[in-house]
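Biologist: I should like to examine this structure with you, asking at each step what justifies the terms we use.

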Amino acid sequence: MVDWTAKFAGRTAYMRRSSIREILKLTRHPEIISFAGGLPAPELFPLERIQSAMRVVLEQRSAEALQYSTTEGCNDLRDWIAARMSRGGLQVTRDNILIVSGAQQAIDLVGRVLLDDGDSLVLENPTYLGMLVAWRPYNLRFSVIPTDADGLLVDRLEAVLRQHPKLMYLVPNFQNPQGVTLSHERRVQLVKLLAEYGGVVVEDNPYGELRYSGAAIPSLVELDAQQRGSRTLDGHVIYAGTFSKILAPGLRIGWIAAPTVVIDKLVQAKQSADLQSSTLSQLLVYEACKDGFIDGHIERLRATYRDRRDLMLAALAQHFPDEVRWSKPEGGLFLMVTLPEHLDAAELLKEALNYKVAFVPGTDFFIEGGANTFRLNFSNAQPAMIEAGIERLGALLKAVLVRQPA
Ligand SMILES: Cc1ncc(COP(=O)(O)O)c(C=O)c1O
């Protein structure tokens, strides 16, 4: 028998399975109402449009669609993304765009290209778990900045930037897991600080188009260009986008928008990772999205997700005990619940599964703290399930607080 674990590379000691993917296995049971995943509503997948796009691709472009393509990605899709990103005044060109297999690959590739072992990384606490899973093997030093209802506390950033950290990672819109959004004022302050200290940030933006209330806020990549008095991407931001939440995650298509010098290096990293993202998926996404279809589709998603968010917020207000608090997101797929300090959400989950309802305990999203928090997804469950699930959780929380008062 081979002792394989003795042969694993040292860096694998920092690798972990995503706890969410493990919890999702437990919640597949049909009786369980799960608020655990980050899943879009499957009934909203634009099936007919995808079917017709697939027919067009296979009838008109099959030789291209089934063939190897360039690592950078299909030009039609790169041009379409560049034009769409240029709508707010930026001048994005095809050369700024690398097509990747979802924003998760964007994160992985950025890590390969920018991070050395022991580098320091600035992040918000809590942060996106998939980034931690991807970058932990670099044995990074984390400079952790807390958040409030307006996102990262940017006034804590200057002291950190003075130490010249390698990189910063942020989800400014409807963050996963908290659902909070970085305010306009703080974004302006942030890009100013990055310019002053020569810092760089990864702006991971899977949810930006899923806004249900409040006014849209310019992205960091736009504000960074503005403050340079420029329209190009040659600044301090690497932007990651994805079709996962606005079209379908199973297609596995996302993109990186960055200065061309960064794109060139990312292309080399992607060549070693997977040569290219699926040509078939790329052409399918292009055919499905073009002609403005995606804008109408996003409107439909917004309408449904807005209702589900409102429903969940109303159910929380009705059923949760007074000692419990939660975030009130203006968009995205998630909100975060904060329990009284003495309660542990991982323990609560064990009992919640007996009540046939599931969520993701917050600890794994936090670099420090967070044991008394959990994340709820409001996009995936049908309205009746949202009502029933929150009522069950409320009943459990009331019982727990009688048993374990603060
Ligand atoms: C903040 C964030 N980044 C990246 C991803 C990965 O998305 P993709 O499906 O595009 O790989 C997710 C998915 O939930 C996410 O929440």
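**The ligand site and the domain interface**

Modeller: In this predicted model, 14 residues surround the ligand, and the closest are Ala 103, Asp 204, Tyr 207, Thr 242 and Ser 244.

Biologist: What makes the approach of Asp 204 to the ligand a polar contact?

Modeller: A polar side-chain atom of Asp 204 lies 2.5 Å from a nitrogen atom of the ligand. The limit for a pair of N or O atoms is 3.5 Å, so the pair qualifies.

Biologist: Which distances support polar contacts of Lys 245 and Arg 252 with the ligand?

Modeller: An N or O atom in the side chain of Lys 245 is 3.0 Å from a ligand oxygen atom. For the side chain of Arg 252, the distance from an N or O atom to an oxygen atom of the ligand is 2.8 Å. Both values are within 3.5 Å, and therefore both pairs count as polar contacts.

Biologist: What is notable about the backbone of Arg 252, and where does this residue lie?

Modeller: Arg 252 has a positive phi of about 55° although it is not a glycine. Its place is the loop between strand S8 (237-242) and strand S9 (254-257). Most residues other than glycine have a negative phi.

Biologist: Why is the bond from Asn 125 to Pro 126 called cis?

Modeller: Its omega is near 5°, and the peptide bond is assigned as cis. Pro 126 is in the loop between strand S3 (120-125) and helix H7 (129-135). A cis peptide bond also joins Asn 176 and Pro 177, with omega about 25°. Pro 177 belongs to the loop between strand S6 (167-170) and helix H9 (184-197). Most peptide bonds are trans.

Biologist: How is the chain divided into domains?

Modeller: Domain 1 comprises 4-46 + 295-403, and domain 2 comprises 48-292. The contact takes 36 residues from domain 1 and 36 residues from domain 2. The area buried between the two domains is about 3300 Å², with 60% given by carbon and sulfur atoms.

Biologist: How do you know that Glu 330 and Arg 211 form a salt bridge?

Modeller: Their closest N and O atoms are 2.7 Å apart. The cut-off is 4 Å, so the pair meets the rule. Across the interface of domain 1 and domain 2, the rule finds three salt bridges. There are also 22 residue pairs in polar contact between these domains.

Biologist: Which element gives the largest share of the side of domain 1 that touches domain 2?

Modeller: H13 does, with nine residues. The residues of that side divide into 18 nonpolar, eight polar and 10 charged.

How values were computed. Residues are numbered from 1 along each chain as its sequence is written. This is a predicted model: local features need pLDDT of at least 70, side-chain atom pairs count only at pLDDT 80 or more; totals for chains, interfaces and linings use all residues. Side-chain values use heavy atoms; hydrogens and water are left out. Domain bounds come from an automatic or database domain assignment. Contact means heavy atoms within 4.5 Å. Buried area is the accessible area (1.4 Å probe) that two parts lose on being put together, summed over both. A salt bridge is a side-chain nitrogen of Lys or Arg within 4 Å of a carboxyl oxygen of Asp or Glu. A polar contact is a pair of N or O atoms within 3.5 Å; within protein, one must be able to donate a hydrogen and the other to accept it, and residues adjacent in sequence count only if both atoms are side-chain atoms. Helices (H or I, at least four residues) and strands (E, at least two) are DSSP runs, numbered from the N terminus. Ala, Val, Leu, Ile, Met, Phe, Trp, Tyr, Cys and Pro count as nonpolar, Asp, Glu, Lys and Arg as charged, and the others, Gly among them, as polar. A residue is near a molecule or strand if one of its heavy atoms lies within 4 Å of it.
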